Amino acid sequence: MLFRKKVQNSDYAVTEEIPAAAMQMPVSPPKGGKRVAELTTLVRTATGNRKYQQDAVYVTPSRILASNKITRVLALVCDGMGGMADGGRASRTAIQMMIQGFQRIEKEPEVNIPAFFQQGIRTIDRVIYDFPKEDGMGSGTTMVACIVEDNRLYWASVGDSRIYIIRNNQMQQVTRDHNYWLRLLEMVDAGQITMEEAMAQKKKEALISFLGIGNVSLMDINTQPFEMQYGDVVMLCSDGITKTLPDQQIKRIITADAVRPEKKAEALVEAATHINSHSQDNTSVVLIHYQEKDINNKSKIRR
């Protein structure tokens with residue numbers, strides 16, 4: 001495993017020292033004046049076989065890291081809940097509000113990013129909860145969010161969209177799925193039910209936390225940044241990816257030399273929609289690649 005186990009404090013989940021010792025290798029700065037560090041970003045989304053697009057995504061354009069100021073990149077994936085009224089409006093609202101908040105802090109010299117995420121999640125949750133109800137139903141959306149501050153990665157999650165980190169041909173999910181399965185596992189650990197009884201539950205995947213639930217408390221936020229190394233890839237995705245593609249196939253696409261770097265997000269979405277051509281859900285992915293690049297080869301640098 002790349003990361004240590006998360007610990008839960010009531011419903012607000014924080015993360016311990018996330019990088020294990022093997023992950024805490026020093027990150028060397030670019031050598032010489034001809035190479036720079038860059039956060040390359042990619043995004044792809046598709047409606048699949050659904051009538052409406054209820055996913056919403058955003059990522060800051062690729063950024064070359066500056067030597068004299070902090071560089072920050074924001075990435076977001078929200079999956080509006082199809083069983084609730086106007087999940088698309090909920091996901092778009094969550095994206096817009098988080099972008100507005102990020103714009104206020106983007107150039108600040110010092111920012112408490114975990115606190116920014118926690119406050120933003122609670123504010124967005126309340127706004128969506130207050131949407132007018134249709135036939136007694138409210139609106140809701142999941143959200144995964146990342147802010148990379150130079151090479152320091154912070155993330156937040158509410159719901160069952162996911163964040164993965166890929167390093168040295170290893171891939172690790174760093175968020176939990178906030179569904180009833182979490183509660184079932186707690187009951188198994190407490191000896192209240194058996195694993196077989198938990199597996200037999202039909203509502204294992206029912207969400208127990210999302211934006212719009214009102215007074216949201218279950219969220220995953222890392223309080224200590226994860227230090228990225230050259231070559232690391234961060235993937236944010238809706239469950240249109242993870243419920244269709246197994247982890248091994250996701251990793252193969254991201255690490256494959258045969259897939260050009262600028263095509264990897266597109267390749268993931270196309271693979272999912274190809275495999276499940278009859279009932280594919282909305283499918284979205286954002287990739288952040290931390291890498292060292294040669295500034296003399298301008299064709300390789302996306303601005």
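This report walks through a predicted model of one protein chain, from its overall make-up to a few individual residues.

## Ground rules

Because the model is predicted, local features need pLDDT of at least 70 and side-chain atom pairs count only at pLDDT 80 or more, while totals for chains, interfaces and linings use all residues. Residues are numbered from 1 along each chain as its sequence is written, and side-chain values use heavy atoms, with hydrogens and water left out.

## The chain as a whole

Let's start with the big picture. The protein chain has 7 helices and 14 strands; these are DSSP runs numbered from the N terminus, with helices being H or I over at least four residues and strands being E over at least two. Of its 303 residues, 50% are buried. Here, buried means under 20% relative accessible area, exposed means over 50%, and partly exposed is in between (1.4 Å probe, protein chains only).

The chain exposes about 15,000 Å², and carbon and sulfur atoms supply 48% of that. Those areas come from the Shrake-Rupley method with a 1.4 Å probe, and for residues only the protein chains shown count as cover. Now for contacts, meaning heavy atoms within 4.5 Å. Among those in the chain with a separation of 6 or more, 72% are between residues 24 or more positions apart.

## Two helix pairs

Two packed helices are described by the angle between their axes and the distance between the axes. The axes are lines fitted to C-alpha atoms, for helices over the stretch in contact, and the angles run from 0 to 180 degrees between N-to-C directions. Take helix α1 (residues 87-105) and helix α2 (residues 113-129): they pack at about 145°, with axes 10 Å apart. Their crossing is right-handed, which means the near helix is turned clockwise from the far one by less than a right angle; anticlockwise would be left-handed. On the α1 side, the residues making the contact include Met97, Met98 and Phe102, and on the α2 side they include Phe116, Phe117 and Ile124. By class, this contact has 11 nonpolar, 4 polar and no charged residues. For the record, Ala, Val, Leu, Ile, Met, Phe, Trp, Tyr, Cys and Pro count as nonpolar, Asp, Glu, Lys and Arg as charged, and the others, Gly among them, as polar.

The other pair is helix α6 (residues 247-255) with helix α7 (residues 264-275), packed at an angle of about 145° with axes 9 Å apart. This crossing is right-handed too. Gln249, Ile250, Ile253, Ile254 and Thr255 from α6 meet Lys264, Ala267, Leu268, Ala271 and Ile275 from α7. That contact has 7 nonpolar, 2 polar and 1 charged residues.

## Leucine 245, just before α6

Leucine 245 sits in the loop between α5 (239-242) and α6. At 2% relative accessibility, leucine 245 is buried. Setting aside neighbours within four places in sequence, leucine 245 touches Ile250, Leu268, Ala271, Ala272 and Ile275. Its C-alpha is 8.2 Å from that of isoleucine 275, although the two are 30 residues apart in sequence.

## Salt bridges

The whole structure holds 14 salt bridges, each a side-chain nitrogen of Lys or Arg within 4 Å of a carboxyl oxygen of Asp or Glu. One of them joins lysine 293 to glutamate 38, at 3.2 Å from N to O. Lysine 293 lies in strand β14 (residues 283-294) and glutamate 38 in strand β3 (residues 35-46), so this pair ties together parts that are 255 residues apart in sequence. Lysine 293 is buried at 11% relative accessibility, and glutamate 38 is buried at 1%.

Arg72, Glu149, Asp150 and Arg152 are linked in a salt-bridge network. Within it, arginine 152 pairs with glutamate 149, their closest N and O atoms being 3.2 Å apart. Arginine 152 is partly exposed at 23% relative accessibility, whereas glutamate 149 is buried at 6%.

## Loop residues to look at

Most residues other than glycine have a negative phi. Asparagine 168, however, has a positive phi of about 50°, and asparagine 169 has one near 65°. Asparagine 168 is in the loop between β9 (162-167) and β10 (170-173), as is asparagine 169. With a relative accessible area of 62%, asparagine 168 is exposed.

Methionine 228 is in another loop, the one between β12 (226-227) and β13 (233-237). Methionine 228 is buried, at 1% relative accessibility. Methionine 228 and histidine 289 are 61 residues apart in sequence, with their C-alpha atoms 9.5 Å apart in space.
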